[in-house]
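Hello,

Here is the structure I promised to pass on. Please open it alongside this email, and I will walk you through what turned up.

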Amino acid sequence: MNQWITICEFPLGRDLSPLAEFIRRHDLPVRISEENNAQVVASLVPQLVEPLRELFARWQEGSVDLARIEVQVHDPSEVQSETGGVNSDVDGEAAVAQSATEASAKKSERAEPVSAIPQWPLQQTPVSLLLIALCFIGWFMRYKGLEAPLAIYPEQQGDFNLPGSILSQQLSQGEFWRLWTPAMIHFSLLHALFNSLGVWIVGRSLEARAGSLWFALLVLISAPAANIAQYAWSPNVLFGGMSGVVYALIGATLVIQRWQPQWRDVPAALIWLAVVWLLVCMTGLVDYFIPGGIANAAHAGGFAAGLLLGILFCLGGGAQRYFAKPAQSQSPQINTSRKSF
């Protein structure tokens, strides 16, 4: 099995976007990973290590613009000089070119699986783990018939008037937690499992990179946005579930991936599949197959909140935290570049 060889290391705060774009543009067998509080650049091909180490050192010093460096793949007989060395008139870049020729063959031999979803340490994602626990706590309370303190009570049939609604009465009595707690209620174990999976896949990658403070803010804003949207749309139906929050995470991820295309901790295809599912559910077809139906307004409200907060986050420079892929614990990552809800 080929081993990753370290080329160079950079501080975590250093923006390696130009370097990552250089790697992607030339399809080099090189990865950027986070290891031991540093960004580590490594390659599977030993012949690439020294030429790239020199090139990246010159880039770090500011004497080289990687956007203007072109790697040409030559026939090995053309790259070698009469003495068997590298032609001197290409100023070191020919060494990269020769190695790239050899790298192409080595890349085709690799059969090692690549996982796009990082294995984040649990201590980096405490808010996500709390959300997952709340899903199952809410399901257990519903199973035992103890969900009343969590729910926004359904209205009676008739004209809906928000100032005179049950929610207004609850808030006037100081029960403000009900703006958030419907997200805990889950009507089945499968319901809780499905939403927990969404938090595990999407939420943990968001939290680990941006930090728990911003992630908690995203959750605290999107949960009442989803709950109020669903309550206003269907006030006479008991609703609950975490997927309004999950769709906020999806919305934020969609924005960040558009802002920082090289970030793929969460597969882009999975995000777009979730968006398509949202649109399909909004047609009402899925309600015929799921008892109680889907809380589409909560999904849409959470998704809109996630989009807005994602845009504000990126405008504030937060997208820079998502430019590099993390280290993988098992497989190396190569950079080439009743209603329920």
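**The sheet and its strands**

In this predicted model, a good place to begin is Val 30, which stands opposite Ser 43 in strand 3. Ser 43 is also the bridge partner of Ile 5, and those two pairings lead into the sheet as a whole.

The sheet is open and has three strands, in the order 1-3-2, with antiparallel pairing. Its edge strands are strand 1 (5-10) and strand 2 (30-35), each of which pairs on one side only. From one strand to the next, the twist averages 30°. As a general reminder, strands of a sheet pair through backbone hydrogen bonds, either parallel or antiparallel.

Strand 3 covers residues 38-43 and pairs with strand 2 in the antiparallel sense over six bridges. The antiparallel pairing of strand 3 with strand 1 runs over five bridges.

How many of the residues of strand 3 are buried? Six of its six are, and the strand is mostly covered. Ala 38, Val 40 and Ala 42 point one way from strand 3, while Gln 39, Val 41 and Ser 43 point the other way, and all are buried.

**The turn between strands 2 and 3**

Strand 2 and strand 3 form a hairpin with two residues between them. Beside this turn, Glu 35 stands opposite Ala 38 in strand 3.

Asn 36 sits in the loop between strand 2 and strand 3, and has a positive phi, near 50°, in a residue other than glycine. Asn 37 is in the loop between those strands as well. Its phi is also positive, at about 60°, although Asn 37 is not a glycine.

Are these two asparagines buried or exposed? Asn 36 has a relative accessible area of 76%, and Asn 37 has one of 69%. The cut-off for exposed is over 50%, so Asn 36 counts as exposed, and so does Asn 37.

**Two helices across the sheet**

Helix 1 (residues 17-26) lies across strand 1, strand 2 and strand 3, and runs at about 145° to strand 2. Its buried residues are Ser 17, Leu 19, Ala 20, Phe 22, Ile 23 and His 26. What covers them includes strand 1, strand 2, strand 3 and helix 2. After helix 1 comes Asp 27, with a positive phi near 55°.

Helix 2 (residues 46-61) also lies across strand 1, strand 2 and strand 3. The angle of helix 2 to strand 1 is about 10°.

**Helix 5 with helix 7**

Further along the chain, helix 5 (residues 126-143) packs with helix 7 (residues 189-210) at an angle of about 170°, and their axes are 9 Å apart. Angles over 145 degrees count as roughly antiparallel, so that is how helix 5 and helix 7 are described.

On the helix 5 side, the contact includes Pro 126, Leu 129, Ile 132, Phe 136 and Trp 139. On the helix 7 side, Leu 193, Val 199, Trp 200, Gly 203, Arg 204 and Glu 207 are among the residues that take part. By class, this contact has 13 nonpolar, four polar and two charged residues.

Gly 203 deserves a look of its own. It lies in helix 7, and its relative accessibility is 0%; since buried means under 20%, Gly 203 counts as buried. Which residues does Gly 203 touch, not counting those up to four places away in sequence? They are Ser 128, Gly 198, Phe 215 and Leu 249. Gly 203 and Phe 215 are twelve residues apart along the chain, and their C-alpha atoms are separated by 8.2 Å.

**Helix 8 with helix 11**

The other helix pair to look at is helix 8 (residues 212-233) and helix 11 (residues 296-315), which pack at an angle of about 145° with their axes 7 Å apart. Helix 8 passes helix 11 in a right-handed crossing.

Among the helix 8 residues in this contact are Trp 214, Leu 218, Ile 221, Ala 225, Ala 229 and Trp 233. Helix 11 contributes residues including Ala 298, Gly 301, Gly 302, Ala 305, Gly 306, Leu 309 and Phe 313. What classes do the residues of the contact of helix 8 with helix 11 fall into? They divide into twelve nonpolar, six polar and no charged.

Happy viewing, and best wishes.

Note on methods:
Residues are numbered from 1 along each chain as its sequence is written. This is a predicted model: local features need pLDDT of at least 70, side-chain atom pairs count only at pLDDT 80 or more; totals for chains, interfaces and linings use all residues. Side-chain values use heavy atoms; hydrogens and water are left out. Two strands pair if DSSP finds at least two bridges between them. Helices (H or I, at least four residues) and strands (E, at least two) are DSSP runs, numbered from the N terminus. Axes are lines fitted to C-alpha atoms, for helices over the stretch in contact, and angles run from 0 to 180 degrees between N-to-C directions. Contact means heavy atoms within 4.5 Å. Buried means under 20% relative accessible area, exposed over 50%, partly exposed in between (1.4 Å probe, protein chains only). A crossing is left-handed if the near helix is turned anticlockwise from the far one by less than a right angle, and right-handed if clockwise. Ala, Val, Leu, Ile, Met, Phe, Trp, Tyr, Cys and Pro count as nonpolar, Asp, Glu, Lys and Arg as charged, and the others, Gly among them, as polar. Angles under 35 degrees count as roughly parallel, over 145 as roughly antiparallel, 65 to 115 as roughly perpendicular and the rest as oblique.
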